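Hi,

Here is the structure I said I would pass on. Have a look when you get a minute, and my notes are underneath.

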Amino acid sequence: MGRSRPFHRFTPAERRLWQAYPTGAWVDLRESRDVDAGSGGSWGRSRIVRAEVITALLLSRRDEGSAWVPGVRLAGARIVGDLNLSDATVEAKIHLLDCHIAGTVSLNDAKTRGVRLRHCDIYRFRASRATVDGLLDLDRSAVHAGVRLDNARITGQLRLSGLRLGTPGSAPYRGGRPETSPPESSRWNGPEGSEEPRVWESVALWAGGLAVEGGAFLRDLRATGGLRLIGARFASGLYLEGAAVAADATPAVHADHLQAAAAELGAGFTSDGTVRLRGARIGGVLSFHGAVVRAPGRALHLSHLQADELILLPKSVEGEVNLGYSRFGVLFDRPESYPAGVRLNGLTYESLRGPATLADRLTWLRRDPGGYRPQPYEQLAAYYRRIGHESDARRVLLARQRARRRTLRFPGRLWGRLLDGLVGYGYRPWLAGVWAVLLLAAGTAVFARWQPHQIGLDESRHFSAFVYTLDLLVPVSLFEQRGAWEPVGWTQWLAYGLIAAGWILATALIAGGTRVLRGSHAP
C-alpha cells in the first residue's frame, strides 16, 4: 500500500497499528482478557493511539491489486482525541474492542462499511446522515454523552445490546483536543428568546429518521436519558427486551410514526417516563409482555397506532394508557393493565384475547378519563356480535345507555331511568311483560274483592276481574269492560293508575324497540 507517514513519531502501539493495517490484522494491546475500558484514562504510553493516526489510515487509498483487505482492528487501546471521519468515504472496516476513546467518534455524512466498537468506553458517538454498508455494533460499550443516528441508513444490523448511555447534559467534555464545533450540550436548540428546554441535554439516543434494514437489537440497554426514534424505520424489527430507560424531562421512548416489522418492549423492559408511539405502524406484534412502565401522568401513549397484535401484559404500569384512535388486529390484555385509566375513544380491533370477562370489559369502558363516549361501547358490542355472543352485545349497549344517561339533564335522566326500569332501553323487552303480569295480578285481586258497579243496569253482564284489569292496561279498549263498569272508592285511583301504566309501558316498548331497530349507532 502506498502510504506516506505524516507523523514524525509513533507510539509503540501506533507503529504496530500502522504496520498491521494493510492486512487488517489484529493489534491487541490488552494486558489481560479482563479489561475495563472505563479505566482507560490511566493506561500508559504503550497503549496510546492518537485518533488522527487511525483517521489517516482509514482515509488512505488502498493499492490496486493487493491481495489483502485493509482494516483497523484494535483491542485494548487508549485512543486520544476525536476520531473524525465526517463526510468521508471509508472502504476499510473498523473494529475496536475494549478501547477507551476520550473524545468523539464522528461519522456524520460518512459512507462506511461495517463499524464495530464493542466493549469500548466512548465520550460521544455521532453518525447523523451516515450510510453504513453492513453492521453497526456498539454492544456492551458505554457512551457517556449520547449517540446520534438521526437520518442514518444501515444496511445490516444495528447492535446496541448492553450499551450504557448518558446524555450530553450529564457528561462534561473530556476529549484530548477540542472539537471544531461545541458539544451539543452547550447549544441552545430553540429560537432566540425561547423558553423551550434544551432537548439535547435529556436525550441519550437521537435517531429520528433512522433506517435499519436488518434487526435493531437494543436488549439490556441502559440509558439515563430518552430514546428519540421519531419516524425511524426498522425493516426487520426493534428489540428492547431487558432494556432500562430513565428520563425526567422528555419521554423515555419517543417514537411517533415509527415503522417496524415487530417491536418487543417486554421481558424485563423498564421505563421511568412515558413510552410514546403515537401514529406508529407495526407490521407484526407490539409486545409489552413483562414490561414495567412508570410515569407521573401518561405511561403509555399508543394513540393512532396500527399493529397486527398488541400484547399489553405488563408486569406493572403506573400511569394512564392511551389507545385512542388506534387499530389492532388482536388486542391481548388483562384488566390490571390499566391501573390509572385508559383512553379508548376511536379504538378499533378485530379480536380480544386475555382473561377479561364481560364485567371486566364494561369496567374497562368506564375507566376512560374522557368520560362517556359511545364509540368504545359500540366497538365492544360489534365484537361480541361478530363472535356470536348476541346477549353480551345487548348488555354492552344497555351499559352504553346507562353511561349516556349520566351526562343528561334531570328530565332526560328521569326518562332514561323509566325506560331502563320498564324495558331496559329496549334491550330487555321481557321486563315489560314482567311489569304487565304484576299489574294484572294486583288489579285482578283488588277488583275481585271490591267489584266495580255496573253502568247501564238494563243490560245483563258478567263481571271478570281479570278481563276488566286487562282492558284497563291495554291503551285501546279491546273487551269493552272499561266503559261497562265503574270502580268505587279508592279503587278508582287504582284504575287510573292501571290506565296510565298501560300507556307508559306501551310508550316504553315503542321507544325501546325503535332504538334497537335503529341499530347500535343510535345515540
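Below is what I found, going through two helix pairs and then two single residues.

One thing before you start: this is a predicted model.

Let's begin with the helix packing. As you know, two packed helices are described by the angle between their axes and the distance between the axes. For helix H1 (residues 12-20) and helix H2 (residues 51-59), the angle is about 10° and the axes are 11 Å apart. An angle under 35 degrees counts as roughly parallel, so H1 is roughly parallel to H2. On the H1 side the contact uses Glu14, Leu17 and Trp18, and these meet Val53, Ile54, Ala56 and Leu57 of H2. Sorted by class, that contact holds six nonpolar residues, one charged residue and no polar ones.

The other pair is helix H3 (residues 358-366) with helix H4 (residues 374-386). Their axes come within 10 Å and cross at roughly 160°. The cut-off for roughly antiparallel is over 145 degrees, and H3 and H4 are therefore roughly antiparallel to each other. The crossing of H3 past H4 is right-handed. H3 brings Leu358, Arg361, Leu365 and Arg366 to the contact, while H4 brings Pro376, Tyr377, Leu380 and Tyr384. The class count for H3 with H4 comes to six nonpolar, two charged and no polar residues.

Now for the single residues. Arg113 sits in the loop between strand S9 (111-112) and strand S10 (115-118). Is Arg113 buried, exposed or partly exposed? Its relative accessibility is 39%, so Arg113 counts as partly exposed, given that the partly exposed class lies between 20% and 50%. If you skip the neighbours within four places in sequence, Arg113 is in contact with Val90, Glu91, Ala92, Lys93, Val132 and Asp133. Glu91 is worth opening in the viewer: a polar atom of the Arg113 side chain lies 3.1 Å from the backbone oxygen of Glu91. From C-alpha to C-alpha, Arg113 and Glu91 are 6.1 Å apart in space, with their positions 22 residues apart in sequence.

Last, Ala500, which you will find in helix H9 (residues 491-517). With a relative accessible area of 38%, Ala500 is also partly exposed. Ala500 and Leu473 are 27 residues apart in sequence, and their C-alpha atoms are 7.9 Å apart.

That's the lot from me. Shout if anything looks odd on your screen.

Cheers

Definitions and conventions
Residues numbered from 1 in each chain as written. Predicted model: local features only at pLDDT ≥ 70, side-chain atom pairs only at ≥ 80, totals over all residues. Heavy atoms only, no water. Helix = DSSP H or I, 4+ residues; strand = E, 2+ residues; numbered from the N terminus. Buried < 20%, exposed > 50% of the residue type's maximum accessible area, 1.4 Å probe, protein only. Axes fitted to C-alpha atoms, helices over the stretch in contact; angles between N-to-C directions. Parallel < 35°, antiparallel > 145°, perpendicular 65-115°, else oblique. Left-handed = near helix turned anticlockwise from the far one by under 90°. Contact = heavy atoms within 4.5 Å. Nonpolar A, V, L, I, M, F, W, Y, C, P; charged D, E, K, R; others polar. Polar contact = N/O pair within 3.5 Å; in protein donor to acceptor, adjacent residues only side chain to side chain.
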